[in-house]
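Biologist: Before we discuss this model, please put the sequence and the structure on the screen. I will then ask about it piece by piece.

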Amino acid sequence: MKLDSKDKLILDLLQRDISIPLNDIAERVGLSATPCWRRVQKLEQAGFIRHKVALLDRAKLNLGVTVFVSVRTSQHDQQWLDQFKQAIQDIPEIIEAHRMSGSIDYLLQVVVPSIDDYDKVYKQLIERLAFTDVSSAFSMEVMKSTTSLPTHYLN
């Protein structure tokens, strides 16, 4: 699907606030409501819009501690990877997991109320799998946090 500047603007507006009324989006992109609605539908069908969610406040949920966990393993077979994927899916405090290049195999982002609660997550993880090394770094300050993706790279 080839996107034009109106599609890009629609995506930009929606990712900043999904609750914006369709008429407001249409006005901002220079369309009437029906063609705008059709574009939104096409963007959803094409997979540009994956989910519609509410972003919750971590502090209000008592999740004031963010931990970045570096994981190294000596096992790189499919069975171990499948077990690792299942383990991280089963632990809701792990909100992101990335397979990395370089000296770290996996990088996890964990949110918890306290260091003691992180220790519980750590113990859950090491009970399930063998690791070569697990290293934790605690975030001291969030300097930037956004869910908005840049749209200017779209063709």
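Modeller: Contact here means heavy atoms within 4.5 Å. Keep in mind that this is a predicted model.

Biologist: Which residues does alanine 130 touch, not counting residues up to four places away in sequence?

Modeller: Alanine 130 sits in the loop between α5 and β4. With residues up to four places away in sequence set aside, the residues that alanine 130 touches are Thr73, Gln75 and Trp80.

Biologist: Is alanine 130 buried, partly exposed or exposed?

Modeller: Buried would require under 20% relative accessible area, and exposed would require over 50%. The relative accessible area of alanine 130 is 43%, so the residue counts as partly exposed.

Biologist: What distance separates the C-alpha atoms of alanine 130 and leucine 14?

Modeller: Along the chain, alanine 130 and leucine 14 are 116 residues apart. In space, their C-alpha atoms are separated by 42 Å.

Biologist: In what order do the strands of the open sheet lie?

Modeller: The bridges give the neighbours. β2 and β3 are joined by 5 bridges, β1 and β3 by 7, and β1 and β4 by 6. The pairing is antiparallel, and the order of the 4 strands is β2-β3-β1-β4.

Biologist: Which strands stand at the edges of the sheet?

Modeller: An edge strand can be recognised here by its single partner, because one side is then left without a neighbour in the sheet. That applies to β2 (94-99) and β4 (133-138).

Biologist: Which residue stands opposite valine 71 in β4?

Modeller: β1 covers residues 65-72, and its pairing with β4 is antiparallel. Opposite valine 71 in β4 stands valine 134.

Biologist: How many of the 8 residues of β1 are buried?

Modeller: β1 pairs with β3 and also with β4. The strand is largely enclosed by the rest of the structure, because its buried residues number 6 of the 8.

Biologist: Which element gives the largest share of the largest nonpolar core?

Modeller: That core has 21 residues, and those touching the most other members are Val69, Phe84, Ile94, Leu108, Val110, Leu125 and Phe131. Two or more residues each come from β1, α4 (78-89), β3 (106-112) and α5 (115-128). The largest share, 5 residues, comes from α4.

Biologist: How many residues are in the other core?

Modeller: The other core lies apart from the largest one. Leu13, Ala26, Val29 and Val40 are among its members, and its size is 13 residues.

Biologist: Which residues does leucine 125 contact, leaving aside neighbours within four places in sequence?

Modeller: Leu125 is one of the residues touching the most other members of the largest core. Leaving aside neighbours within four places, leucine 125 is in contact with Ala87, Ile88, Ile91, Ile94, Leu108 and Phe131.

Biologist: At what angle does α4 run to β3?

Modeller: α4 lies across two strands, β2 and β3. Its angle to β3 is about 15 degrees.

Biologist: Are α1 and α3 roughly parallel or roughly perpendicular to each other?

Modeller: The axes of α1 (residues 5-16) and α3 (residues 33-45) come within 10 Å and cross at roughly 75 degrees. Angles of 65 to 115 degrees count as roughly perpendicular. The two helices, α1 and α3, are therefore roughly perpendicular.

Biologist: How many nonpolar, polar and charged residues make the contact of α1 with α3?

Modeller: α1 brings Lys6, Asp7, Ile10, Leu11 and Leu14, while α3 brings Cys36, Arg39, Val40 and Leu43. These residues divide into 6 nonpolar, no polar and 3 charged.

Technical notes
Residues numbered from 1 in each chain as written. Predicted model: local features only at pLDDT ≥ 70, side-chain atom pairs only at ≥ 80, totals over all residues. Heavy atoms only, no water. Core = buried A, V, L, I, M, F, W, Y, C linked by side-chain atoms within 4.5 Å. Buried < 20%, exposed > 50% of the residue type's maximum accessible area, 1.4 Å probe, protein only. Pairing = 2+ DSSP bridges. Axes fitted to C-alpha atoms, helices over the stretch in contact; angles between N-to-C directions. Parallel < 35°, antiparallel > 145°, perpendicular 65-115°, else oblique. Nonpolar A, V, L, I, M, F, W, Y, C, P; charged D, E, K, R; others polar.
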